[in-house]
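I am opening a fresh notebook page for this chain, and I mean to work from the whole fold down to single side-chain pairs.

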Amino acid sequence: MSSKYLTLYKMIVLYMLKRCDAPLSKSQIYDFILENEYTNFLTLQEVFAEMVTSGLIIEKSMVSRTYLEMTSEGEETLKFFGNRINPAIKTQIDEYLRENSMKLRDEGSILGDYTKTAENEYTAQLIANENGQSIVEIKLAVPTEEIARNICKKWQDCNQEVYQYLMETLMSD
């Protein structure tokens with residue numbers, strides 16, 4: 001793969017991270033780049049690995065997703081090489097982020113995952129973030145994987161009600 005194209009893909013990733021006000025996961029970036037057929041999955045994996053190695057981004061694993069954070073080196077690189085992104089691609093990225101902003105924000109803010117902790121025991125971990133800060137984290141020990149999976153799925157739909165119930169109950173006299 002030509003270094004010219006790898007540089008372009010890196011700039012697209014950095015531009016997306018810069019323009020989005022919510023943390024972006026690798027899978028969210030994969031979705032945009034692969035849907036628009038800029039490159040393939042394997043090349044994109046190589047791009048992410050090179051970006052981490054060169055210090056342009058940091059990967060942060062949270063629950064079941066890997067989120068990307070641009071470093072100051074990444075910001076400097078984007079300033080220097082960002083003009084290599086075709087204005088039409090920038091427009092396409094901006095439109096994608098605008099059209100999917102609520103979905104992207106929700107996916108990065110409401111997290112639920114589970115792990116097997118012992119024989120016949122799983123722990124469901126539920127997290128709600130707001131403005132990059134955790135506002136609630138709950139860990140529940142449950143007896144089966146099915147229950148843990150259902151709790152995580154339900155958390156996506158009713159996290160606000162659970163949070164509101166906890167606040168009302170814990171703050172009442």
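Before placing any residue in an element, I note that helices (H or I, at least four residues) and strands (E, at least two) are DSSP runs, numbered from the N terminus. With that settled, I looked up Leu42 and found that its place is in helix H3, residues 41-53. I also keep in mind throughout that this is a predicted model.

**Entry 1, the whole chain.** I counted the elements and found seven helices and six strands, which from the N terminus on run α-β-α-α-β-β-α-α-α-β-β-β-α. The C-alpha atoms fill a box of roughly 60 × 40 × 30 Å when taken along the principal axes. Of the 173 residues, 37% count as buried, and the accessible surface comes to about 10700 Å², of which 49% belongs to carbon and sulfur atoms. When I took the contacts with a separation of 6 or more, residues 24 or more positions apart accounted for 51% of them.

**Entry 2, the surface around Leu42.** I returned to Leu42, which counts as exposed because its relative accessibility is 61%, where exposed means over 50%. Together with Leu34 and Phe41, Leu42 makes a nonpolar surface patch of about 280 Å².

**Entry 3, helix H7.** How far apart are the end C-alpha atoms of H7? I found them only 33 Å apart, although the helix (residues 145-171) has 27 residues and a straight one would reach 39 Å at 1.5 Å a residue. On looking along H7, I found a bend of about 80° at Cys158. Cys158 is also one of the buried residues of H7, the others being Ala148, Cys152, Trp155 and Asn159. I then asked what these buried residues pack against, and the partners are strand S4 (110-118), strand S5 (121-130) and strand S6 (133-142).

**Entry 4, Glu59 and its surroundings.** I searched the whole structure for salt bridges and found seven. One that I followed up joins Lys26 to Glu59, with the closest N and O atoms 2.7 Å apart. This pair links distant parts of the chain, since Lys26 lies in helix H2 (residues 26-35) and Glu59 in strand S2, 33 residues apart. Strand S2 itself covers residues 57-62. Is Glu59 buried or exposed? I have to answer neither, because its relative accessibility of 35% makes it partly exposed, a class that lies between the buried limit of 20% and the exposed limit of 50%. Leaving aside neighbours within four places in sequence, I listed the contacts of Glu59 as Lys26, Phe48, Val52, Thr66, Tyr67 and Leu68. I also took the C-alpha separation between Glu59 and Ala49, which are 10 residues apart along the chain, and it is 9.7 Å.

**Entry 5, two further salt bridges.** The side chains of Glu69 and Lys60 meet in a salt bridge at 2.8 Å, N to O. I count Glu69 as partly exposed, because its relative accessible area is 36%, and Lys60 likewise as partly exposed, at 41% relative accessibility. The other bridge I looked up is between Glu76 and Lys79, whose closest N and O atoms are 3.7 Å apart. Both residues sit in helix H4 (residues 72-81), and because they are three residues apart there, about one helical turn separates them. Lys79 is exposed, with a relative accessible area of 63%.

Key
Residues numbered from 1 in each chain as written. Predicted model: local features only at pLDDT ≥ 70, side-chain atom pairs only at ≥ 80, totals over all residues. Heavy atoms only, no water. Expected span 1.5 Å × (residues − 1). Bend = angle between axes of the 7 residues up to and from the residue. Buried < 20%, exposed > 50% of the residue type's maximum accessible area, 1.4 Å probe, protein only. Contact = heavy atoms within 4.5 Å. Patch = residues over 30% accessible without salt bridge, like charges linked within 9 Å, V, L, I, M, F, W, Y side chains within 5 Å. Areas by Shrake-Rupley, 256 points an atom, 1.4 Å probe, with all protein chains shown as cover.
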